[in-house]
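Please open the structure in your viewer and keep the selection panel at hand. The stops below proceed from the whole chain to individual residues.

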Amino acid sequence: MANVGNQLPTQAVSKPAPGKHGNVLPLWGNEKTMNLNPMILTNVLSSPYFKVQLYELKTYHEVVDEIYFKVTHAEPWEKGSRKTAGQTGMCGGVRGVGTGGIVSTAFCLLYKLFTLKLTRKQLMGLITHTDSPYIRALGFMYIRYTQPPADLVEWYDGFLDDEEELDVKAGGGCVMTIGEMLRSFLTKLEWFSTLFPRIPVPVQKIIDQQMKARPRKVAPKETQQEEEAAVAEAGGEGGQGERRHSRTPRRTPSPRRSPKRSRSRSHHREKERHGPSFDRELERERDRQKKERDGRDRGDRGDRERRRSRSADRNQDRRERRRSRSGSRDRRNERKDKERDGGEDKSRRKDREHHKDRGAERERSKDKKNRGETDDRRHKDDRERHREERKAKRLSRSRSRDRKHRSGGEEKSRKVEGTHSRDRDRERDGEQRSHKSSGSKERSHHQRESSNDHCKHSEGRSRSTE
């Protein structure tokens, strides 16, 4: 199978290299949702079992013990919690759209394993566990949801012919072997009311070829039981007793099981798994569905007969109602004829009253028009008065402004004249001052000259005396 694994095309997720990282598992698809159906994932995350009880489990071994004691089937929903009858299209049971239900403990624990990020060694411990087939089933489901499609055949190769049996249906009634379950994982997308992640088309073709080249091995005990079942069906009631007597536990202990176990099994786990193979169980389920359909058809026939009887009674009631209605109609017609005869007089009276009302309305309308005209005239007169008043006010304002301007001009002229007179006075004062200063200068000059002449005269006298 190593050569077959090499023939598969490479995927987006690559395997870790051997050595230190050889124990780390790759993840295919969404790393947060584990590729689960959104409806199932939301129910898992909101369930009190996952939020309260599984939250306390922290280790791989604690989760394995919880699987051993709590898981009884491999369906995503509990029995009777999800009603998909009558839904078609995208609201069907497979798509997981429309209505939810109570999510199963198996899928809660499956997502809990995903949160632990299992290693390769831990995953191998799950699929080779010897205590419970449901531990192995959850391990194989973990591989189907999280591992690359190219590696699925390599993971499932050594277990395709495993004869250990388990009941995968909620409430029981669908016993199958581990090998049959793994073959359905590889060849079908549907698993009860959910879908597995899609496998690429080239990888799916290679897987289908390998499954055809490797048919399922039929155990000798199964062939003997099928022969005995056929004889029992042909033999009637006696055969049925032999058939019940011939149903012995056909499951042999797996070679991987250890003879000594430390755990104590519950009552339903200690029982050996009985029942036919998966194919015969499907046939029985189909027969049961046919019987239910036949019963429904019979119930529909009875309902039809009841409806017919009820329809006959209803027809009689309708006839009686019609008769009573016809009598009432005749009476109404007679009343109408009488009312018509007296109605003509009433109509004439109404016409006369109507004409009178019309004349009164005309007069009222005329009065209204006259009143309106007078009101309009009054409004016009008022408007003209207002306009004249506004004009008078404007004229008075303009006159007052002119007066102010004139008075202001006179004052300005007066001020200008005052300034001119002051300037003139100043000029006159300056001239007088200048005349005075010139006169004083002349006087001083004459005085100086007279003094000089006096000195010269005195000197001449003194010289002459000498």
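Begin with the surface of the whole protein chain: about 34,100 Å² is exposed, and carbon and sulfur atoms supply 47% of it. Accessible areas here come from the Shrake-Rupley method with a 1.4 Å probe, and for residues only the protein chains shown count as cover. The model is a predicted one, in which local features need pLDDT of at least 70, side-chain atom pairs count only at pLDDT 80 or more, and totals for chains, interfaces and linings use all residues. Residues are numbered from 1 along each chain as its sequence is written, and side-chain values use heavy atoms, with hydrogens and water left out.

**Whole chain**

Switch to a cartoon view, which should show 14 helices and four strands; these are DSSP runs numbered from the N terminus (helices: H or I, at least four residues; strands: E, at least two). Of the 466 residues, 27% count as buried, that is, under 20% relative accessible area, with exposed meaning over 50% and partly exposed in between (1.4 Å probe, protein chains only). For contacts (heavy atoms within 4.5 Å), consider pairs at least 6 apart in sequence: 72% of them join residues at least 24 apart.

**Confidence**

Colour by pLDDT, the predictor's confidence in each residue, from 0 to 100. The chain averages 76, and 72% of the residues score at least 70. Select residues 14-21, where pLDDT stays under 50 and the model has eight contacts beyond four places in sequence. Residues 92-98 also have pLDDT below 50, and this stretch has 26 contacts beyond near neighbours in sequence.

**The nonpolar core**

Next, select F140, Y156, M181, L182, F185 and W191, the residues with the most contacts inside the largest nonpolar core, which has 61 residues. Such a core is a set of buried Ala, Val, Leu, Ile, Met, Phe, Trp, Tyr and Cys residues joined through side-chain atoms within 4.5 Å. Helix α7 (residues 133-146) contributes the largest share of this core, nine residues. Centre on Y156: beyond four places in sequence, Y156 is in contact with F140, I143, R144, L182, F185 and L186.

**Helices α6 and α9**

Which residues of helix α6 are buried? In this helix (residues 120-127), they are L123, L126 and I127. These three lie on the same side of α6, because they cover an arc of only 90° around the axis, the arc being that of the directions from the helix axis to the C-beta atoms. Display α4 (60-70), α5 (105-116), α7 and α8 (152-156) as well, since the buried residues of α6 pack against them.

Helix α9 (residues 178-187) is mostly covered, with nine of its ten residues buried. Among them are the charged-type selections E180 and R183, together with M181, L182 and F185.

**T177 and its surroundings**

Step back to strand β2 (residues 175-177), in which T177 is found. T177 counts as buried, at 5% relative accessibility. A polar atom of the T177 side chain lies 3.2 Å from the backbone nitrogen of E180. Not counting residues up to four places away in sequence, T177 touches D162, E163, E164, E165 and L166.

**The loop between α1 and α2**

Finally, select M34, in the loop between α1 (2-7) and α2 (38-46). Its phi is near 60°, a positive value in a residue other than glycine, and M34 is buried, with a relative accessible area of 0%. N35 is found in the loop between α1 and α2 as well. N35 has a positive phi of about 65° although it is not a glycine, and N35 counts as buried at 19% relative accessibility.

Technical notes: Polar contact = N/O pair within 3.5 Å; in protein donor to acceptor, adjacent residues only side chain to side chain.
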